[in-house]
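Student: Could we walk through a structure together, with me asking and you explaining?

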Amino acid sequence: MILPWHLYLMAFLYILAGLNHFRKPGMYIRIIPPAFKIPKLINILSGAAEIILGIFLILPFTTQIAAWGIIMLLIAVFPANLYMLQNKKAGFGLPLWILFVRLPLQIVLIYWAYQYTF
């Protein structure tokens, strides 16, 4: 079975993002809302999840499970996107319009992953 190029692209992007959690952990730790008490562990777990799910996307027998995992991960990290919007330090000084665009972008990414759940 030949997988479509956009599935490979999605897998590549999640693997790359996951690796970045370990390369630049401070960037991710900064956007974790203070209500979450162990940001370093959350960063490690979310980075590892992105890498594992990215790899599982390109294995035909785990694509569907990985896509559901990515949907759950995107929902789980949504509070970080909200926190970036509410906190200047967490928002890296980005313009508000970019931070607003990130919110519906999560829906687009969820829809993209959903395409591989069946």
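What follows is a short set of questions and answers on this structure.

Tutor: Ground rules: this is a predicted model, where local features need pLDDT of at least 70, side-chain atom pairs count only at pLDDT 80 or more, and totals for chains, interfaces and linings use all residues. Residues are numbered from 1 along each chain as its sequence is written, and side-chain values use heavy atoms, with hydrogens and water left out.

Student: What is the volume of the largest pocket?

Tutor: A pocket here is an open set of points on a 1 Å grid over the protein atoms alone, where a 1.4 Å probe fits, with protein on both sides within 12 Å along at least five of seven lines. Points are joined across faces, edges and corners, and the volume is the space filled by probe spheres set on them. For the largest pocket that comes to about 920 Å³.

Student: Which residues lie nearest the centre of the largest pocket?

Tutor: Lining residues have an atom within 4 Å of a point. H1, H2 (25-29), H3 (39-57), H4 (63-76), H5 (78-86) and H6 (96-114) each supply at least two of them; helices are DSSP runs (H or I, at least four residues), numbered from the N terminus. Of the 30 lining residues, those nearest the centre are His21, Tyr28, Glu50, Val77 and Arg102.

Student: Is Ile71 buried or exposed?

Tutor: Ile71 sits in helix H4. Buried means under 20% relative accessible area, exposed over 50%, and partly exposed in between (1.4 Å probe, protein chains only). Ile71 has 8%, so it counts as buried.

Student: And what about Lys37, buried or exposed?

Tutor: Lys37 is in the loop between H2 and H3. Its relative accessible area is 69%, so Lys37 is exposed.

Student: How many Å apart in space are Lys37 and Thr62?

Tutor: Along the sequence, the two are 25 residues apart. C-alpha to C-alpha, Lys37 and Thr62 are separated by 32 Å.

Student: What is the phi of Phe92 near?

Tutor: Phe92 belongs to the loop between H5 and H6, and is partly exposed at 36% relative accessible area. Its phi is positive in a residue other than glycine, near 55°.

Student: Where is Leu16?

Tutor: Leu16 is partly exposed, with a relative accessible area of 45%. Along with Trp5, Leu9, Phe12 and Leu13, Leu16 forms a nonpolar patch on the surface. Leu16 is placed in residues 5-23, helix H1.

Conventions: Patch = residues over 30% accessible without salt bridge, like charges linked within 9 Å, V, L, I, M, F, W, Y side chains within 5 Å. Areas by Shrake-Rupley, 256 points an atom, 1.4 Å probe, with all protein chains shown as cover. Salt bridge = Lys/Arg side-chain N within 4 Å of Asp/Glu carboxyl O. Helix = DSSP H or I, 4+ residues; strand = E, 2+ residues; numbered from the N terminus.
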